[in-house]
Amino acid sequence: MYEFRMPSLGADMEAGTLVEWLIRPGDEVQRGQVVAVVETQKGAVDVEIWEAGTVDKLVVETGRKVPVGELLALLRTAGALAATASETPAAPTTPQAVTAPAIVAASPPRAQAAVVSARQRVAPSARKLAEELGVDIAAVQAAEPGAVISRADVERAAQAKTPTLAAAKVVAPDWHAQMRMAIAAAMSRSKREIPHYYLATDIDVTAVSSWLETENLKRSVTERLLPVVPFMKAVALALREVPELNGFWIDGAARPSAAVHLGMAIAMRGGGLVAPAIHDADRKSLDQLMADLRDLITRVRSGRLRSSEMSDPTVTFTNLGEQGVEGVFGVIYPPQVAIVGLGRISERPWVEGGAVVVRKVATATLAADHRASDGHRGGLFLAALDRLLQQPEKLR
Amino acid sequence: MTSYNREQIRDIIFDALGAIAPEVEPALIVPDRSLREQIDIDSFDFLNFIIRLHETLGIDIPEKDYAELLTLNSAVEYLTRRCAAEQ
């Protein structure tokens, strides 16, 4: 029997609310399948299971706030014996989800899924308020479609329930402030705990830019690669050469990661950002990286992220060059130990063989945790990045 | 292939922008100022904008022509011309 437990979805997560089960007892599940939706302080997340088998029992009903590590469901794995006869009758017929809050349970499964999959993010303070007021957060609607559910939305829902209570204090919808609070907490921790060091180097990116231009000429508009894609691959490959920049610092020790899961800093429309992982970026083709990036950005802006994307990044890559920024000295997302930045690509005077020529140049930067690595190794990383970018045809 | 007049092209551009940046108010777009200065879109959004135009109008827009789509006016001119040429 495999015990499926509430995963951690980031360093600061202590608990999540189970919004929806996507499986029932008796269902076959595959490794990596999305089996539940969990509401976290960073929004709703699709939670995957990393074991194959048959669902035996859903232990936790929807609507409950569950601490990280608590048992959610039991799974009969391929090798294990089937459940005892006494357990079987209850299994396929009535999943525990029936005991979910009335409004969720009353809607048909399709509609329910549609409601949840719409961009339903909940501000942490709104969730707290909902708990205090006894409002079912799953039933609260945002003021505008796609907006994050704010305290005001919760208060409106509470007002519908008990008019006198909420009439007293009506706050303007302000999910931006809540998003800022979440970022503030992580970034304050970073600057408090992590001794950052910063490096920058100008890289001649003429070769990779021309290569990409030629490559995109051959492609239809739907198959084109964004300029950032070859850089993602080069960053991932360079990290393999300097592994102490790829991984975590936990409990006073460096924990390098063998896999490179590239956390892509993605701005959310209307403010805030997330940096979910593109798994094994060093081993993917440029086409696969582009497909993954497209999928990721689309879901950041109008869908849901998966639990592994939230928990797995081993390093962060931020590409602020698009906004015209020349260089970005990032703040490390703990417990990671490095953040790589790329500035805008511009034509600059460049000295080559004693002559000044015009080249496409970009400033690459590294902010790294001095507990886990030293400037010398950081410098080797940027040198490796430069070298890899000079041979773009090998980045495929 | 369908033929489009300038008004229709403008509407198609607004639809494509609206799908990417729902907060955009077409009436507030200054027609001869850079779209990316007025609307918070990145290279990913811009690529999706091009893909939508490609799907609606049935024309392929090469990367070297992206500069023609920088402002609303230039985009209307460019797309009208390209659609007419495809006739």
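This is a short talk on chain A of a predicted model and its contact with chain B.

Hi everyone, thanks for coming. Let me start with chain A as a whole. Chain A holds 12 helices and 20 strands. Of its 396 residues, 39% count as buried. If you take the contacts in chain A between residues at least 6 apart in sequence, 64% of them join residues at least 24 apart.

Now, have a look at one of the sheets. Five strands of chain A make an open sheet with mixed pairing, and their order is S7-S2-S4-S5-S16. Which strands stand at the edges? Those are S7 (65–67) and S16 (305–306) of chain A; each has a single partner strand, so one side of each is left without a neighbour in the sheet. Further in, S2 (residues 15–21) and S4 (residues 34–40) of chain A run antiparallel and are joined by four bridges. If you want a pair to click on, Trp21(A) has Ala36(A) in S4(A) as its bridge partner.

Next, my favourite residue, Glu322(A). You will find Glu322(A) in the loop between strand S17 (315–319) and strand S18 (338–342) of chain A. Is Glu322(A) buried or exposed? Glu322(A) counts as buried, because it has 20 C-beta neighbours inside 10 Å, and 20 is where the buried class begins. Val228(A) lies 94 residues away along the chain, yet its C-alpha atom is 9.7 Å from that of Glu322(A).

Glu322(A) also takes us over to the other chain, as it touches Asp42(B) and Ser43(B). The contact between the chains takes 12 residues from chain A and 12 residues from chain B. On the chain B side, seven are nonpolar, two polar and three charged.

That's my tour, thanks for listening!

How values were computed
Residues are numbered from 1 along each chain as its sequence is written. Chains are lettered from A and ligands numbered from 1 in the order in which they are written. This is a predicted model: local features need pLDDT of at least 70, side-chain atom pairs count only at pLDDT 80 or more; totals for chains, interfaces and linings use all residues. Helices (H or I, at least four residues) and strands (E, at least two) are DSSP runs, numbered from the N terminus. A residue is buried if 20 or more other C-beta atoms lie within 10 Å of its own, exposed if 12 or fewer, and partly exposed in between; C-beta atoms are placed from the backbone. Two residues are in contact if their C-beta atoms, placed from the backbone, lie within 7 Å. Ala, Val, Leu, Ile, Met, Phe, Trp, Tyr, Cys and Pro count as nonpolar, Asp, Glu, Lys and Arg as charged, and the others, Gly among them, as polar. Two strands pair if DSSP finds at least two bridges between them. Lists of a residue's contacts leave out its neighbours within four places in sequence.
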